[in-house]
Amino acid sequence: MQPNILLVFPDQLRSDWVEPRATVPVRTPNAKALAERGVNFEQAWTPSPICAPARACIATGRRYDRSPVQHNNQNVPAGADTIYRRMADKGYETSTVGKLDLLKGFMDWGADGRHITETGESRLADLGFTRGIDNAGKHDAIYGRERGAREPYMTYLAEIGLADTHDADFRRRDRANIPATVNEIAAGDLPLPDAYTNPDLSPLPDEAYCDNWIGRQAMNELEGLKDTGKPWFLTVNFAGPHEPLDVTERMRDRWKDVAFPEPVDGSPDPRHQMIRQNYAAMIEVIDDWLGRFLAFLDETGQRDNTLVVFASDHGEMLGDHRLWAKSIPDENSVRVPMIVAGAGVSARDRSVRTPVSLLDMAKTFLDFSGAPGEGMEGDSLRGLLEGEAEPETRLVFSGLGPWRAVTDGRFKLVAGDWRAIRPGKMQFTEFEPEGLDTVALFDLDEDPEERRDIAAAHPEIRDRLLEAIRDDMARR
């Protein structure tokens, strides 16, 4: 039997800010409950810690070096072989809501979110989606409006008279393109970025807040999918907790008295508490919608026939080591939450330490749907979901622009000279062959904050992992 598949996919969510792995006082009871009836993958990596490349790797089943999307300005090309097309070919209704980020470079979402071309064809359908809508991300919605591009969320705000209000609010919230390199940060304290520190509350009512709008679109899709008579796949792509950390008054009030640990090696600043409270508030909204989706599956008798995955495209530095956003090989940037439960998952309340990749999630969807997996990278996680023993060794990879990284779950090697490159330019910088001569090795068990480079002390581990990166890149 082909199960339904529900992927709940926030943007820029740290793995250690989601229960049951959370190390801070977040409130994610629905993610925790999902883990209790399924499997929590503790060491899940993104194939690339930035939006479009990560999502394109999943869609095409390709590691970063073999993906058609290397940075946020590129699109998945027309006619690409995607997991969504393969599932549709096996009889699935395939749908998406929220910020898909596979076609963002075109900026042609349209009010209906179908990316209709001048010839009347739908780019969204070309990706393999039989239905659904794609909206812009937080920043792109504003940039697109500047260029006269329409997209569903801003169209909704215009209809209720709030588009200008939201536009003006976001123009006060600068982007998080931190202008300093890691080397410059190490040389002295720099101001915290405005995209995180802006204290203004969102002027929108809660029902118009972007992730609540996306949640409603998802509920509408779930309602429509249940009556199609076909198995279905739905990916719900929340815009949060991506910066800017815009929250409504109600969201802020629920967290204003909660104390969070300060960032690791962060700049002393009282605003860190507000930043972390706002980030937690955004996560709580998403977790609440996860609970509503699960309740709907229960109410409609679909719980036992639906595979549910909660994950994210990449992490967030959130001020640790005075760094923000993503793009770098630090664990808080490349590690993501991944919780799986539901149809076909016989393991219960299981934590898996074996390193896995979002690519494995894509291969798992093909496995459960009965669609062919040939030519797609990664491995199906079905065995682990059914209770099989964890393998003794496994490698997963991540990369962006000038760096590549690999881990076996304990040791992590990073290759490339990336510390002198500004984060905003990281994705547009080529990997140079001599980058393989610049490496750092970390023992994640003994040094989870990646403070001590042990490459010189453990040449055998360094060389083994470096050779794995060389082999992986050679298969471009």
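**Exercise 1.** Which side chain meets arginine 147 in a salt bridge? Classify both partners by accessibility.

*Solution.* This is a predicted model. The partner is glutamate 146, with N and O 3.8 Å apart. Exposed means over 50% relative accessible area. Arginine 147 is at 58%, so it counts as exposed. Glutamate 146 is at 47%, so it counts as partly exposed.

**Exercise 2.** Locate the partners of the salt bridge between glutamate 284 and arginine 27, and state how buried each is.

*Solution.* The closest N and O atoms are 3.1 Å apart. Glutamate 284 sits in helix H12; arginine 27 lies in the loop between strand S1 (4–8) and helix H1 (29–36). The pair links parts of the chain 257 residues apart. Buried means under 20%. Glutamate 284, at 13%, is therefore buried. Arginine 27, at 29%, is partly exposed.

**Exercise 3.** Check the length of helix H17 (residues 459–474), then find where its buried residues lie.

*Solution.* At 1.5 Å a residue, the 16 residues should span 22 Å. The end C-alpha atoms are 22 Å apart, which agrees. Buried residues of H17 include Ile461, Leu465, Ala468 and Met473. The buried residues cover an arc of only 150° around the axis, so they lie on the same side of H17. Their cover includes strands S11 (396–400), S12 (403–407), S13 (411–415) and S14 (439–443).

**Exercise 4.** Which helix gives the most to the largest nonpolar core?

*Solution.* The core has 67 residues; Phe293 is among those touching the most other members. Helix H12 (residues 271–299) gives the most to this core, with 14 residues. Contacts of phenylalanine 293 beyond four places in sequence include Leu6, Met219 and Val236.

How values were computed:
Residues are numbered from 1 along each chain as its sequence is written. This is a predicted model: local features need pLDDT of at least 70, side-chain atom pairs count only at pLDDT 80 or more; totals for chains, interfaces and linings use all residues. Side-chain values use heavy atoms; hydrogens and water are left out. Helices (H or I, at least four residues) and strands (E, at least two) are DSSP runs, numbered from the N terminus. The expected span of a helix is 1.5 Å times one less than its number of residues. Buried means under 20% relative accessible area, exposed over 50%, partly exposed in between (1.4 Å probe, protein chains only). The arc is that of the directions from the helix axis to the C-beta atoms. Contact means heavy atoms within 4.5 Å. A nonpolar core is a set of buried Ala, Val, Leu, Ile, Met, Phe, Trp, Tyr and Cys residues joined through side-chain atoms within 4.5 Å. A salt bridge is a side-chain nitrogen of Lys or Arg within 4 Å of a carboxyl oxygen of Asp or Glu.
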